[in-house]
Amino acid sequence: MDLIDSLMKHLHSVRMDRETGLTSKTIRNRAFDFREENGKLYFDMERHRGAFGSMSKPGAPLAACAARMETYRFDPDTNVIEVVFRSSESLDIDDIDYGQLVEDHFFNLSFEVEQNPGNSYTVTETCSNVAWQVSSFEEAVQYLRTDIAESAAEIFTPEPNLEIDEADIEEVRSLFRETAEEHLLELLELAWKEAD
C-alpha cells in the first residue's frame, strides 16, 4: 500500500484528524504536490479562514478570506499528521464582499424608535439594548455614524499572521463604513417611519 492510501485509510477511520482538522475529503479536493521523504508523506494545501469577523456558511464564499499555504507530514507508522510549514496569511482586499461582511457583523441588529413627550425620541439598538435620546432623525443619524466608525476601527485592526499594510486596512475600514452606513440607515429609517 502506498503512503497516500495509508493516509486516506487513516483519515477515513478517524473521520477527521483532531490536530489539523483534515478529512479525507479535504485531502482529495485540495491537497497537492504529494512527495515521499524518508518513509513519510509530505503534501501541500492552501487553507482559508474568515478575516475581520467574516463568518463561514456552508456553500457560501467568505466575505473576507485570509489564505495561507501549509505543508503537512504524515507518518504511516504512528498515523500522525503535522504541519511542518505555515506561510503568513494573505488577503486580497479586492475580493472582499463588503455587503456580506456588513451582514456578518450586523445580522441581528435592528432599531426601535419611541416618541417621547416634548419632541424627543428614544432610539434603541435592539441587539445591544443601547439607547440614544435624540431630538431629530438627523441627530440619530449622527449617533449611528459615530457607532459605525467606532465599530470599523475595532474590527479592522491588523491581525496576527495576516500580511496587509496600513493603507489597505484604511481602505477596508472606509469601504466597510460606507456599506454599513447605507445598510444601517435603511434600518433606522424604517424604524423611524414606524414611530411616526
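In this predicted model, E70 and R86 pair in a salt bridge whose closest N and O atoms are 2.6 Å apart. This pair joins distant parts of the chain, with E70 sitting in strand β3 and R86 in strand β4 (residues 80-86), 16 residues apart. Is E70 buried or exposed? With a relative accessible area of 2%, E70 is buried, because buried means under 20% relative accessible area.

A second pair also involves strand β3. Here R68 forms a salt bridge with E89, and the closest N and O atoms are 3.5 Å apart. R68 belongs to strand β3 (residues 65-75) and E89 to strand β5 (residues 89-90), so this salt bridge ties together parts that lie 21 residues apart in sequence. Both R68 and E89 are buried.

These residues also appear together in a wider arrangement. R49, R68, E70, R86 and E89 are linked in a network of salt bridges. Why can such pairs arise at all? Side chains of opposite charge can pair when their charged atoms come close.

Another salt bridge is worth a look on the structure above. The side chains of D44 and R35 meet with a distance of 3.3 Å from N to O. How do the two partners count in terms of accessibility? D44 counts as buried because its relative accessibility is 11%, whereas R35, at 25%, counts as partly exposed.

Over the whole structure, 12 salt bridges are present, among them the pairs of E70 with R86, R68 with E89, and D44 with R35.

Definitions and conventions
Residues are numbered from 1 along each chain as its sequence is written. This is a predicted model: local features need pLDDT of at least 70, side-chain atom pairs count only at pLDDT 80 or more; totals for chains, interfaces and linings use all residues. Side-chain values use heavy atoms; hydrogens and water are left out. A salt bridge is a side-chain nitrogen of Lys or Arg within 4 Å of a carboxyl oxygen of Asp or Glu. Buried means under 20% relative accessible area, exposed over 50%, partly exposed in between (1.4 Å probe, protein chains only). Helices (H or I, at least four residues) and strands (E, at least two) are DSSP runs, numbered from the N terminus.
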